[in-house]
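Open the model in your viewer and have the selection tool ready. We'll go stop by stop, with something to pick at each one.

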Amino acid sequence: MLLFYIFLLSIALFAAGLASIVATKHFFIILVGAELSLTAGSLAALAMFSLYGSGNIILALFMIWSIAASEAIALITFYRYIVKYENNFDVSKLNKLSDKE
């Protein structure tokens with residue numbers, strides 16, 4: 001029964017992440033939504049591994065966590081760039097960044 005609740009939590013996290021990606025144009029919210037989706041995937045993978053006990057879950061989790069780490073690095077880099085040039089975090093205005101020198 002506990003696995004059922006873990007899968008429900010995973011589905012809820014994935015839905016929240018997907019909704020935050022689709023619903024907003026703010027860069028931080030989009031990346032947080034992607035992180036929520038990756039967390040939901042790793043949570044579901046751990047639940048499946050504990051249910052069936054077969055497969056190479058470590059490799060899959062390493063892949064998911066490395067993608068999440070690269071997103072965090074991209075977020076920090078992009079944040080520092082935006083703050084340096086005093087721009088907005090609205091994704092629809094990102095094409096204006098190339099005009100500033």
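Among contacts in the protein between residues at least 6 apart in sequence, what percentage join residues at least 24 apart? The figure is 53%, where contact means heavy atoms within 4.5 Å.

**Before you click**

You're looking at a predicted model, in which local features need pLDDT of at least 70, side-chain atom pairs count only at pLDDT 80 or more, and totals for chains, interfaces and linings use all residues. Residues are numbered from 1 along each chain as its sequence is written, and side-chain values use heavy atoms, with hydrogens and water left out.

**Stop 1: the whole chain**

Show the cartoon. You should find three helices and zero strands, running α-α-α from the N terminus on. Both element types are DSSP runs numbered from the N terminus: helices are H or I with at least four residues, strands are E with at least two.

Now colour by pLDDT, the predictor's confidence in each residue, from 0 to 100. The protein averages 79, and 83% of the residues score at least 70. Which helix has the lowest confidence, and which the highest? Helix α3 (residues 57-85) is lowest, at a mean of 78, while α1 is highest, at 90. Keep one caution in mind: where pLDDT is low, the predicted coordinates should not be read in detail.

Switch on the surface. The accessible surface comes to about 7,100 Å², and 72% of that belongs to carbon and sulfur atoms. Areas like this come from the Shrake-Rupley method with a 1.4 Å probe; for residues, only the protein chains shown count as cover. Of the 101 residues in the protein, 24% are buried. Buried means under 20% relative accessible area, exposed means over 50%, and partly exposed is in between (1.4 Å probe, protein chains only).

**Stop 2: F4 and Y5**

Select F4 and Y5 and show their side chains. Y5 lies in helix α1. How many aromatic pairs does the count come to? Just one, and you've selected it: F4 and Y5 sit edge-to-face, 5.8 Å centre to centre, with 65 degrees between the planes. The rule is that rings of Phe, Tyr and Trp (its six-membered ring) pair if their centres lie within 6.5 Å; planes under 30 degrees apart count as stacked, over 60 as edge-to-face and the rest as tilted.

Are these two rings hidden? F4 has 46% relative accessibility, so it counts as partly exposed. Y5 is at 47%, so it is partly exposed too.

Extend the selection to M1, F4, Y5, L8 and I11, which make a nonpolar surface patch of about 580 Å². Patches are made of residues with over 30% relative accessible area and no salt bridge; like charges are joined within 9 Å, nonpolar side chains (Val, Leu, Ile, Met, Phe, Trp, Tyr) within 5 Å. A salt bridge is a side-chain nitrogen of Lys or Arg within 4 Å of a carboxyl oxygen of Asp or Glu.

**Stop 3: along helix α1**

Pick S10, found in helix α1 (residues 2-23). Is S10 buried or exposed? Its relative accessible area is 7%, so S10 is buried. Leaving aside neighbours within four places in sequence, S10 is in contact with A40, L43 and A44.

Next, try I6, also placed in helix α1. I6 is partly exposed, at 24% relative accessibility. With neighbours within four places set aside, its contacts are L43 and A47. Set a distance label from I6 to A44: their C-alpha atoms are 7.3 Å apart, though 38 residues separate them along the chain.

Then select A15 in helix α1, partly exposed with a relative accessible area of 42%. Its C-alpha is 9.0 Å from that of A40, 25 residues away along the chain.

**Stop 4: over to helix α3**

Jump to M63, in helix α3. M63 has 51% relative accessibility, so it counts as exposed. A C-alpha to C-alpha label from M63 to S42 should read 9.8 Å, across 21 residues in sequence.

Finish at A74, in helix α3. A74 is partly exposed, at 39% relative accessibility. Which residue lies 43 residues from A74 along the chain, with the two C-alpha atoms 9.4 Å apart? That's L31.
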